[in-house]
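Got the viewer open? Good, let's take a walk through this structure, one selection at a time.

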Amino acid sequence: MAALGPGLEPGDWAVWTANFEGRTNMFELTVNGTKHRVDVVPEMPLLWVLRDELGITSPKFGCGVAQCGACTVRIDGKAVRSCQAHIGEVAGKSVVTLEGLEKKEQNPVIQAWIEHQVPQCGYCQTGQIMQAISLLDRISNPTDDQINQVMSGNLCRCGTYPRIRAAIHAAAAKKVAEK
Amino acid sequence: MGHIEKLSRRAFVLGSAAIAGGIAFGAFGTAEAAATAGDNPLSAGLGPNSVTFNPWVEISPEKITLIAQHADIGQGVGSVQPIMIAEEMDLDPGQFDVRFAGPSPAYFNTGFADEFAPFVAADQSPAAEEARAKTLEWLRQAGLQMTGGSSSMPDTYEKLRVAGAVARETLKAAAAKRTGVALAELRTQSGHVILPNGTKIAYVDLSADAAKIPPVLDAKPRDPSTWRLLGKPMTRLDIRDKVMGELKFGIDLKADGMLYASVKLNPAKGQPLKSYNASKARTMPGVKKVLEIKNGVAVIATNSWYAMKAVDTVVCEWAPSAYPAEQADHWKVLESSFKPEFLGKEWKKTGDIDAGLKTGKLVEAEYRAPYVGHQPLEPLNGIGLVTDKGMEIWVGHQSPRFVQYVAATAIGLKPEQVTFHNQWTGGSFGHRLEYENVRVLAEIANQMKGTPIKLVFSREEDFLQDVPRQIAIARHRGSVENNKIVSADLALASTAPLKGLLERSGTPSKDPDGQLAAGLWNVYYDIPNFRGTSYEAQGLSPCTTWRSVGASTSGFFTESFIDELIHAAGLDPMKARIAMCTVPHYRKVLETVAEMSDWKGPLGNGRGRGVAFVESFGTPVAEVVEVSMTDRGIKIDKVWIAADVGKVMDPVNFENQVQGGVVWGLGHAINCELTYAKGAVQQTNYNHHEAMRIYQCPVIEVRGLENDPKVRGVGEPPVPPAAPALANAIFAATGKRIREMPFNKFIDFV
């Protein structure tokens, strides 16, 4: 992991801006199985490396402060808000965005999302799906309360929550049936 | 800029009865008119051996393209509108491409005729219909192309089906001419004309032939009983791409050689920049340029994030706000606006209101609704390129022709020099009817001539520049006697949302804002003495249309107050509303929600139910909210909702839209407000303006009714009854009457 500089904590933008010296570095990271090299400052959030440097757009910019979950990706198998993961910390790790999910068409969450026609505008849904996949990895058959708990960090302004719940239950049932 | 000038001279109708001219009403006529080549914007871009019959259908030897008339802001018109054409053309999903309409008067919105004519929706008398016909003709002349007011279905229900029928019959005529087979013996199926011997001719193979014959303009759309696709659960055309992360929103686009921009604008909305210091920003990585624009500063960089971080360091001196700097003073202005000099209009007066108020027990209450933000999850953005010829702009927007006007005006071009490409949007709720990103992008791209610029607002900047929902106070009075409501005198003072939007669109109006009548005068209860009056507060924050517009505040005021009167009269909230409702098919909506919720009066044990009924944009909606008191606060357990839209085009999307409207209405009523301090909005991210998250979302049971003789929209109408139904439920559960949004200032929620 590249150092952020003395006294700097990830996510501490005010401090970062005040101490900024403008050094860029070459970072290597693996996204969806492909290795990329980017020449950016270590503090750049992964979200903006993906979107503006690599052209990978399923992680969405919504709030920039981990309030909406639209930028959710998987880093080493865990759901992470990519607006809060700095490239300096992510370098060398394996990042998976929705584009790179294995056997995407067969993924029970993806299938349930299509069957239940969850999206309205759809902008938050890539993040919702990445979070839901992570939820079902941890809890194979979640209750509504467990869904509420895990999914509450993912904002949907269109209000598709009833369908998100239904789709997660359906995906859980499908996963169980497939075992 | 023909239509803009026309709009200015004539001014918006906005409830005024003075409409000149007149034609026979009927969307059939509009399709006929639009089918002539001169009016059809598709004619210009047509390739060889291709044909277009009207502004919605284009067929080349390679493919069929159907035009979505309206902007898709999540409501699904990018899917259902092409499918309305496909139904008539006997096309299956997958057999056609979809493109958003470009700017053209051919796409004028017929659906606004009902909303702008000075009659309540339930009034379908000959006089009302004649006024609507005149309004329609005025809309046609103005060429008003806009998505909004839940008008997409009313606008397109007839004309897109006619457009499809014209295409079908013309293709058949072309096949008859080519084959010599009698027209009556031809049929169509799955993108082909079928001959009696079973021979199939693909539509695309008929494009050249069809171009040589006049379109069959008297083609009739089919009876709904024969529909294959419409009226049945369908899979939205955009669902798969949205779920797979493959759909490109405006913010996802990229152009060759593009640079990224972000801005810091005067948070005192509409006021200029006085001076700035960008010495730090200029040294930051990725930064290419710092530009001064009219009301702020832009940073051009190699990455959006570099641009946002750099522009954040620019120190600006701003001109002060034109409205009060502090929120308390906004409320004071409203409080002092209930005066004749601020009168908007007395929208309705029946009976003898003064005598009525003196009869029986007097009930008085004051209600308040704050400024609220739109904040769709996709921040304001756009790509712009200015060259010597003009400007090209890629942005998701609800008013294509006004985008041309605003961008052109900002940089001294003519509107026709602006080429507009509409985009899929990550929500709107009224946000993408405003122009801040368009105007700013034009200024930036003009200073960066020849380089495509992608502008992305930070969330904080988006909050600061969001033109909010109107702020309002209602002072309602009424009286009850012998278990009856004798009088209701409804008065509100508010900022004017539609007037503001029209002014910023280059079409100012002096008429009273008709949106301040929404939810105030269309009250369908048998109350013998009634008055509904609006006052328009002056000198406050600019305001604009927010999902359900006037009814989002007035619906809360009216239906809370009606509930107070009903309780004062000792009646049951549901039974009294049903008994008082004067429009039979509106009463049915209330009866339906009573049946769905099995309404039997008070629940007791810390539980409570509230009901509210509001017609907005012609769609009557009744909602029942059930809450329970817990040791951590109020929990919203369940919502039942019924809406009559005349025809449910897609039951799946209908349910999704209605549920979303409930979530929107409840969420913002609970915890959202924008407040000003030092001229700037204090809430700058979702943690300050959260609305509803999944943990608060109740079970929402939906039913669609089809009794209205007209087809209505459903994007907005579920919103207005949500807040009053919740407030009424909280009263039923706790005895506490909440008269101001957001409710969490007065009671805790789980």
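## First stop: helices in chain A

Select residues 125-138 of chain A, which form helix α5, and add α7(A): the two axes come within 11 Å and cross at roughly 45 degrees. That crossing angle makes α5(A) oblique to α7(A). Look along the pair and you'll find that α5(A) passes α7(A) in a right-handed crossing. To see what touches what, show the side chains of A:Gln128, A:Ala132, A:Leu135 and A:Leu136 on α5(A), then A:Ile164, A:Ile168, A:Ala171, A:Ala172 and A:Lys175 on α7(A). Colour them by class and this contact of α5(A) with α7(A) comes out as seven nonpolar, one polar and one charged.

Keep α7(A), residues 161-178, on screen and bring in α4(A), residues 108-115. Here the axes lie 8 Å apart and the packing angle is about 135 degrees, so α4(A) and α7(A) are oblique to each other. The crossing of α4(A) and α7(A) is right-handed. From α4(A), the contact draws on A:Pro108, A:Val109, A:Gln111, A:Ala112, A:Trp113 and A:Glu115. Facing them on α7(A) are A:Ala167, A:Ala170, A:Ala171, A:Lys174 and A:Lys175. By class, the contact of α4(A) with α7(A) holds seven nonpolar, one polar and three charged residues.

## A small detour to a loop

Now jump to A:Asn32, in the loop between β1 (25-31) and β2 (34-40) of chain A. What is the sign of phi at A:Asn32? Phi of A:Asn32 is positive, near 50 degrees, in a residue other than glycine. For background, most residues other than glycine have a negative phi.

## How far to trust what you see

Time for a reality check: this is a predicted model. Colour everything by pLDDT. Chain A has a mean of 89, with 88% of its residues at 70 or more. Select residues 1-15 of chain A, though, and the pLDDT is below 50; this stretch has 19 contacts in the model beyond near neighbours in sequence. Chain B averages 94, and 95% of its residues score at least 70. Its own doubtful stretch is residues 1-37, where the pLDDT is below 50; beyond near neighbours in sequence, that part of chain B has 87 contacts in the model. Where pLDDT is low, the predicted coordinates should not be read in detail. For the complex, the predictor gives an ipTM of 0.95 and a pTM of 0.94.

## Over to chain B

Hide chain A for a moment and show chain B as a cartoon. How many helices and strands are there in chain B? You have 21 helices and 27 strands to look at. The radius of gyration of chain B is 26 Å, close to the 27 Å that the globule rule gives for 750 residues, so chain B is as compact as a globular protein of that length. Along the principal axes, the C-alpha atoms of chain B fill a box of roughly 80 × 70 × 50 Å.

Next, pick out α17(B), residues 550-568, together with α21(B): their axes come within 8 Å and cross at roughly 30 degrees. α17(B) passes α21(B) in a right-handed crossing. On the α17(B) side, select B:Gly555, B:Phe556, B:Glu559, B:Ser560 and B:Asp563; on the α21(B) side, select B:Ala723, B:Pro724, B:Ala727 and B:Asn728. The residues of the contact of α17(B) with α21(B) divide into four nonpolar, three polar and two charged.

From there, follow the chain past α21 (722-734) of chain B into the segment after that helix, where B:Pro742 is found. Zoom in on the peptide bond from B:Met741 to B:Pro742: that bond is cis, with omega near -5 degrees.

## Last stop: where the chains meet

Bring chain A back. Here 52 residues of chain B are in contact with 49 residues of chain A. On the side of chain B that touches chain A, α8 (239-243), α10 (304-312) and α20 (651-671) each supply at least two residues. Which of the helices gives the most to that side? α20(B) does, with six residues. Colour that side of chain B by class to finish: the residues that touch chain A divide into 23 nonpolar, 17 polar and twelve charged.

How values were computed: Residues numbered from 1 in each chain as written. Chains lettered and ligands numbered in written order. Axes fitted to C-alpha atoms, helices over the stretch in contact; angles between N-to-C directions. Helix = DSSP H or I, 4+ residues; strand = E, 2+ residues; numbered from the N terminus. Parallel < 35°, antiparallel > 145°, perpendicular 65-115°, else oblique. Left-handed = near helix turned anticlockwise from the far one by under 90°. Contact = placed C-beta atoms within 7 Å. Nonpolar A, V, L, I, M, F, W, Y, C, P; charged D, E, K, R; others polar. pLDDT = per-residue confidence, 0-100. Rg over C-alpha atoms; globule rule 2.2 N^0.38 Å.
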